[in-house]
Amino acid sequence: MTKKTGRKKIAIIEDEQSLLWALCDQLECAEYEILTATDGKFGVEMVKKQKPDLILLDLVLPKMDGFSVLRALKKDPKTKKIPVVILSNLAQDSDKEKGLKLGAEKYLVKTEIKIEDLPKKIKEYLV
């Protein structure tokens with residue numbers, strides 16, 4: 001299905017404002033259409049309405065944590081096939097395993113990646 005803009009749509013669910021804007025800048029420069037949510041509950045609603053091509057998901061979020069967001073999206077037949085890339089400060093193996101087990105395509109630790117590299121890293125998950 002082609003979007004009206006012809007660009008892939010990426011939803012970013014992130015509550016840290018400065019990081020959110022930096023991510024938006026990088027991805028808009030890479031020609032993506034960006035949707036944003038700063039809490040988990042709104043993120044789930046937005047994804048269900050907008051059906052993005054990919055979701056960048058933080059885990060530590062107000063109103064609904066990222067694991068709960070991931071669970072809700074993977075349970076819903078309309079959103080379960082949308083690839084989710086977790087982008088979190090939680091670097092423990094148990095968090096990584098939990099995120100991947102719940103259906104995330106990739107688990108990226110914020111401190112281990114450069115924001116400029118993000119468009120390259122997520123490109124492989126965009127169909």
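This text walks through a predicted model, from its sheet to its helix contacts and one salt bridge.

The sheet comes first. Five strands make it up, and it is open, with parallel pairing and the strand order 2-1-3-4-5. Strand 2 (33-37) and strand 5 (106-109) are the edge strands; each has a single partner strand, so one side of each is left without a neighbour in the sheet. From one strand to the next, the twist averages 20°.

At one of these edges, strand 5 runs parallel to strand 4 (residues 84-88), and four bridges join the two. Within this pairing, S88 is placed opposite V109 of strand 5. Helix 4 packs on the sheet here, where it touches strand 4 and strand 5. The direction of helix 4 makes about 150° with that of strand 5.

Helix 4 (residues 93-101) also packs with helix 3 (residues 66-75), at an angle of about 15° and with the axes 10 Å apart. Angles under 35 degrees count as roughly parallel, and helix 3 and helix 4 are therefore roughly parallel to each other. Their crossing is left-handed. On the helix 3 side the residues in contact are F67, L70 and R71, and they meet D95, K98 and G99 of helix 4. Sorted by class, this contact has two nonpolar, one polar and three charged residues.

Helix 3 has a further contact, with helix 2 (residues 40-50): these two pack at an angle of about 20°, and their axes lie 9 Å apart. That angle makes helix 2 roughly parallel to helix 3. The crossing of helix 2 and helix 3 is right-handed, whereas that of helix 3 and helix 4 is left-handed. Helix 2 contributes G40, V44 and V47 to the contact, and helix 3 contributes V69, A72 and L73. By class, five of the residues between helix 2 and helix 3 are nonpolar, one is polar and none is charged. The contact of helix 3 with helix 4, by comparison, has three charged residues.

The last topic is salt bridges. The structure has five of them. One of them joins the side chains of E14 and K110, with an N to O distance of 2.9 Å. This pair links distant parts of the chain, the two residues being 96 residues apart. E14 is in the loop between strand 1 (9-13) and helix 1 (17-29), while K110 is in the loop between strand 5 and helix 5 (118-123).

Definitions and conventions: Residues are numbered from 1 along each chain as its sequence is written. This is a predicted model: local features need pLDDT of at least 70, side-chain atom pairs count only at pLDDT 80 or more; totals for chains, interfaces and linings use all residues. Side-chain values use heavy atoms; hydrogens and water are left out. Axes are lines fitted to C-alpha atoms, for helices over the stretch in contact, and angles run from 0 to 180 degrees between N-to-C directions. Angles under 35 degrees count as roughly parallel, over 145 as roughly antiparallel, 65 to 115 as roughly perpendicular and the rest as oblique. A crossing is left-handed if the near helix is turned anticlockwise from the far one by less than a right angle, and right-handed if clockwise. Contact means heavy atoms within 4.5 Å. Ala, Val, Leu, Ile, Met, Phe, Trp, Tyr, Cys and Pro count as nonpolar, Asp, Glu, Lys and Arg as charged, and the others, Gly among them, as polar. Two strands pair if DSSP finds at least two bridges between them. A salt bridge is a side-chain nitrogen of Lys or Arg within 4 Å of a carboxyl oxygen of Asp or Glu.
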